[in-house]
Amino acid sequence: MAGRIEDYALIGDTQTAALVCRDGSIDWLCFPRFDSPACFAALLGTEENGRWRMAPAAGGMANRRRYRGHSLILETEWETTAGTVRVIDFMPPRGQAPDIVRVVEGLSGAVPMRSELRPRFDYGRTIPWIRKVSGQVAAVAGPDALYLRADVRSYRGENFSTVAEFTVRAGDRVRFVLTWHPSHQPAPRPVDPDLALAETERYWGRWSAACRYRVDSGWREAVLRSLVTLKALTYSPTGGIVAAPTTSLPEHIGGVRNWDYRYCWLRDATLTLSALLRSGYLEEAKAWREWLLRAIAGKPEDLQIMYGLAGERRLAEQELDWLPGYEGSRPVRIGNAAVTQFQLDVYGEVLDALHLGRRAGLHTSWEAWSLQQELIEYLESCWDRPDEGIWEVRGPRRHFVHSKVMAWVAADRMVRAVEEFGRSGDVARWRALRERIHREVCERGYDAERNTFTQYYGSRDLDAALLLIPQVGFLPPDDKRVIGTVEAIQRELSHDGFIRRYATPGSARDNVDGLPGGEGAFLACTFWLADDLALMGRLREARELFERLLDLRNDVGLLAEQWDPDLGRQVGNFPQAFSHVALVNTAHNLSGPENARRARTGRG
C-alpha cells in the first residue's frame, strides 16, 4: 500500500515531477510531462503498478530527510543496526531528456542496500520488455523507453522487476541514473551524476536567491519552500503552472471525489501572479501571464476554466478501472470533465490577473487589450446566468454569489484600466455594469436576517469563497456585512478551526455539488480567513491561524489540497499549488494588514 500523502516528497525538473516516499520508493512519475501517462503508479495501486525503491535491504521508513538548502534535492537517511546510509534524489534541469538521479552514500558501517526497479507504462498497466544493453538496463513498451545506468552491474530479474543488491560502506558513493526517451529514437547521452548534482544545486541556489520576501521574517523558510514548490510545478517550456503533479488523490479517503489536477486553472491566475510578483519573480510572472493570454485567445464564449500545459483544450475525462485507487478511493480519473463547465468567475480572474500585470509594469499589447474588451462585452450578456461556480460542482447550475462578485471584479478592473492606465473603451457602460452587478449581489445574495452573504441566491448555506469579498474590493473589510459573513463562516464551516469550502452531504441543507460523501478542510480557504482577520484588524488571531496552518506541512514543508481534522492527515492532490500560493500571499499580507486588499485591488 502507498504511504500516507504526507509521507511523500517532491522532486522535479520543471517539466514533470516524481513523488518519493519516506521508505525510499518513487511511487508516482509521469514521463516526459506532468500530464503524460505514469510509468510509476504505485501511489494509486500497489507496487505491481510500478515503482522504484532504493533503501536498506532490511526495509523500513527513513529516520530523517530534508531538502538540500532551498532546492529540490532530497536527502533521505536511514540509521540501521549495520550503519547509516543516505540516498540523494533529484531531477536535473531538463537537458536532452528527463532524468532521475539517485546517489547512495555510506555514512557509517556497512549497510546492505536493495534497488528494485519496476516500470509499468500507461498508468501501471503495461509491463515493458526488459533487457540488458551494453551493461545498462533497457525497458521498452510502445512509445516509451527507460534506460537505467548505474555503478552497480549485478542486476537480476525478479517478479517482473529489476533488482540490484549491494553493500555501502562509509565513504562509498553508488550512483544510478534513470532516463526516459521515445522508444523509436536512440538512447540519449547519459548525464554525469556528480556534475548534474552540482549543476542542479547551483540552479536552485540562483533561483532561490532572487526571493524578495523579508530576510528577517520567521516565515521566510516556509515562503521559500512554497515558492520552490510553485517553480517545480511550472511547465517551463510554456510558463503554465499545474494545480498539482498528481491525479485522483482523494479529498475523502475511500470516497469518489478524486480528480486529475495536472492542468492549469484560470481561477489560480491572479493569486499565483500576486505571489510571484510580490516575491520578486518577475520572469515567472511574465511567463504565466503570457501562457494565460495564449490559452484564452479565441472567442470569449469559448473561454474554459482550465487548459493543458501548452494551452490544450481537450481534456476528456476517463476512468482507469485497472487501478484500485489510493487506499481504495475509486474511481481513478485522468482528464477532467469540469473543463466543459460554465464558470462566470474565470472572466473576473482573467481580467483581474491582467490588471495586476499592468500595475506591476508588465507590458501588454494592443491585441491583449482588444481581447479584454471582447471578454467584458461577452460577460455583459451572460453574467446574470447561473453557473457551476468556483468549486466546479457537478450538481445543477446556480446563481453563485462568488461568481457574481467576480463578474463585478471584471467590470471594475476594466473601469480602472481606463481611469488609472489611460486605456480607451466604453467606460460609462462598464461603470453601469459594475453598479448593476453590485446592487443585485447585495440584494439577492445577502441574508439580512443572519447578516451574511450566502452561497447562492436564495440559499441559507455558506461558501468559503465569500471570504474573498473584501480582498477583491467588492466591499471594505469593516462593512458589517463582511464582518457578519466572516463570523458566519467561522461558525458554520469551521472544523477544528480549519475551513471547509461549503457544507457537504450530512451537513448541507441542499446537496449542491451532486456528489456523495464529505471532504476535508480546504487549506487555501483557511489562509483566506487569516487574510480577512488581518484586514479586520484581528492580527493576533490571524497570525495564530497562520501558524496552525504551517504546522500542517509535512517534514519537508509540503501541503496537499486539504486537511482531514478527524484523521489528522493531509488529503487531496499533492503538493497543491493553490495551497502554497495562498501560504505565500498570506505571509506577505500579515507583514502589513493593508497588504491583503492592496495586493488584489491596488487600494489600501
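**Exercise 1. Count the positive and negative side chains of the protein, and find how far apart the centres of the two sets lie.**

Step 1. Fix the rule: Lys and Arg count as positive, Asp and Glu as negative, while His and the chain ends are not counted.
Step 2. Count: there are 78 positive and 81 negative side chains.
Step 3. Place each charge at NZ of Lys, CZ of Arg, CG of Asp or CD of Glu. The two centres lie 3 Å apart.

A word on the source: this is a predicted model, where local features need pLDDT of at least 70 and side-chain atom pairs count only at pLDDT 80 or more, while totals for chains, interfaces and linings use all residues. Residues are numbered from 1 along each chain as its sequence is written, and side-chain values use heavy atoms, with hydrogens and water left out.

**Exercise 2. Test the radius of gyration of the protein against that of a compact globule.**

Step 1. Take the radius over C-alpha atoms; the globule rule is 2.2 Å times the number of residues to the power 0.38.
Step 2. For 604 residues the rule gives a value near 25 Å.
Step 3. The protein has 25 Å, which agrees.
Step 4. Add the box: along the principal axes, the C-alpha atoms fill roughly 75 × 50 × 50 Å.

**Exercise 3. Find what share of the residues is buried, then decide how strand S3 is placed.**

Step 1. Buried means under 20% relative accessible area, exposed over 50%, partly exposed in between (1.4 Å probe, protein chains only).
Step 2. Of the 604 residues, 66% count as buried.
Step 3. In S3 (residues 25-30), six of the six residues are buried, so this strand is largely enclosed by the rest of the structure.

**Exercise 4. List the strands that pair with S3, and name bridge partners.**

Step 1. Strands are DSSP runs of E, at least two residues, numbered from the N terminus; helices are runs of H or I, at least four. The protein has 14 helices and 28 strands.
Step 2. Two strands pair if DSSP finds at least two bridges between them.
Step 3. S2 (residues 17-21) pairs antiparallel with S3 over three bridges. Ala-18 has Leu-29 as its bridge partner.
Step 4. Three residues separate S2 and S3 in a hairpin, and Gly-24 in the turn has a positive phi of about 90 degrees.
Step 5. S5 (residues 51-56) is antiparallel to S3, with two bridges. Here Ile-26 stands opposite Trp-52.
Step 6. S4 (residues 38-40) also runs antiparallel to S3, joined by two bridges. Leu-29 is partnered by Phe-40.
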